Amino acid sequence: MAVRLSELFWFDLLGMGEIPLGFKPGMKSNGIDINYMKNFERLYEGAGMWLSDSHLARYELDGPQLNAQLEGWLSQVQSTKRPARAIIAPHAGYTYCGSCAAHAYKQVDPSITRRIFILGPSHHVPLSRCALSSVDIYRTPLYDLRIDQKIYGELWKTGMFERMSLQTDEDEHSIEMHLPYTAKAMESHKDEFTIIPVLVGALSESKEQEFGKLFSKYLAEPSNLFVVSSDFCHWGYEYYRTIRSCIF
């Protein structure tokens with residue numbers, strides 16, 4: 001069972017400060033062997049709820065049911081742009097956008113894709129830059145997805161990134177909603193690819209250009225796929241955006 005509490009809490013409790021990127025279970029800091037962090041993973045138990053006080057399911061937590069659901073949507077669409085180098089797909093609950101997302105993921109060619117960059121906007125913490133995860137593995141009801149630590153190391157060395165706490169990581173749905181679809185699209189080569197999740201903040205125009213330049217070299221590599229997580233719809237009373245509110 002992976003540790004559910006924020007890693008920052010544990011490291012502050014032990015007087016160790018923030019956990020450095022790439023810290024692994026069993027490594028020592030200040031002479032303390034961190035053996036309690038047996039599984040350095042991001043869990044998906046919270047995925048079944050859209051919000052903590054809501055009962056709107058994001059997606060099925062049962063693996064076989066989720067697999068059947070994804071297969072159903074994917075079977076109804078065509079591969080017209082395959083192989084895609086980049087796709088844009090929504091991060092709403094699958095009840096609302098599962099069939100829409102299938103059009104994007106149907107264009108993924110698992111036979112040539114080896115790295116998948118997943119870029120999602122931050123909903124829970126203010127960011128002026130981009131942030132990387134602190135874990136090694138993202139769990140899904142289908143199978144675990146491994147984060148590419150080599151690419152993460154390259155990105156971290158640029159000094160352009162912050163790091164997500166485990167709590168922020170598990171709370172954020174913009175990346176999470178793409179994990180089951182990524183796993184499904186790549187299942188025929190599930191041991192041959194890695195993911196690079198990136199949480200995107202409210203970037204200034206200059207920072208957009210900086211990050212665009214940085215990611216462009218990875219986009220140029222044919223074996224890399226970029227998944228851009230987009231809002232499905234922010235229209236309606238719950239978003240304070242209605243026809244009446246837009247009339248001045």
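**Entry 1: α2 against α3**

I looked up the contact of two helices and found that L66, Q69, L70, W73 and L74 in α2 meet Y94, G98, S99, A102 and Y105 in α3. Contact here means heavy atoms within 4.5 Å. By class, I noted seven nonpolar, three polar and no charged residues in the contact of α2 with α3. The classes are nonpolar (Ala, Val, Leu, Ile, Met, Phe, Trp, Tyr, Cys and Pro), charged (Asp, Glu, Lys and Arg) and polar (the others, Gly among them).

The model is predicted, local features need pLDDT of at least 70, side-chain atom pairs count only at pLDDT 80 or more, and totals for chains, interfaces and linings use all residues. Residues are numbered from 1 along each chain as its sequence is written, and side-chain values use heavy atoms, with hydrogens and water left out.

**Entry 2: geometry of the pair**

I read an angle of about 55° between α2 and α3, with their axes 8 Å apart. Axes are lines fitted to C-alpha atoms, for helices over the stretch in contact, and angles run from 0 to 180 degrees between N-to-C directions. The two helices α2 and α3 are therefore oblique to each other; angles under 35 degrees count as roughly parallel, over 145 as roughly antiparallel, 65 to 115 as roughly perpendicular and the rest as oblique.

**Entry 3: α3 by itself**

I compared the span of α3 (residues 94-105) with that of a straight helix of 12 residues: 16 Å would be expected at 1.5 Å a residue, but α3 spans only 13 Å between its end C-alpha atoms. The expected span is 1.5 Å times one less than the number of residues. Helices (H or I, at least four residues) and strands (E, at least two) are DSSP runs, numbered from the N terminus.

I listed Y94, C97, G98, A101, A102, A104 and Y105 as the buried residues of α3. Buried means under 20% relative accessible area, exposed over 50%, partly exposed in between (1.4 Å probe, protein chains only). These α3 residues pack against α2 (63-75), β4 (86-90), α7 (179-185) and β11 (224-230).

**Entry 4: α8 and E208**

I found that α8 has 15 residues and reaches 20 Å from first to last C-alpha, close to the 21 Å expected. Its buried residues are F211, L214, F215 and Y218, and their cover includes β5 (115-121), α4 (149-157) and β10 (194-200).

I located E208 in α8 (residues 205-219). E208 is partly exposed, at a relative accessible area of 48%. Its C-alpha is 9.1 Å from that of R129, 79 residues apart along the chain.

**Entry 5: whole chain**

I counted eight helices and 11 strands in the protein chain. Of its 248 residues, 46% are buried.
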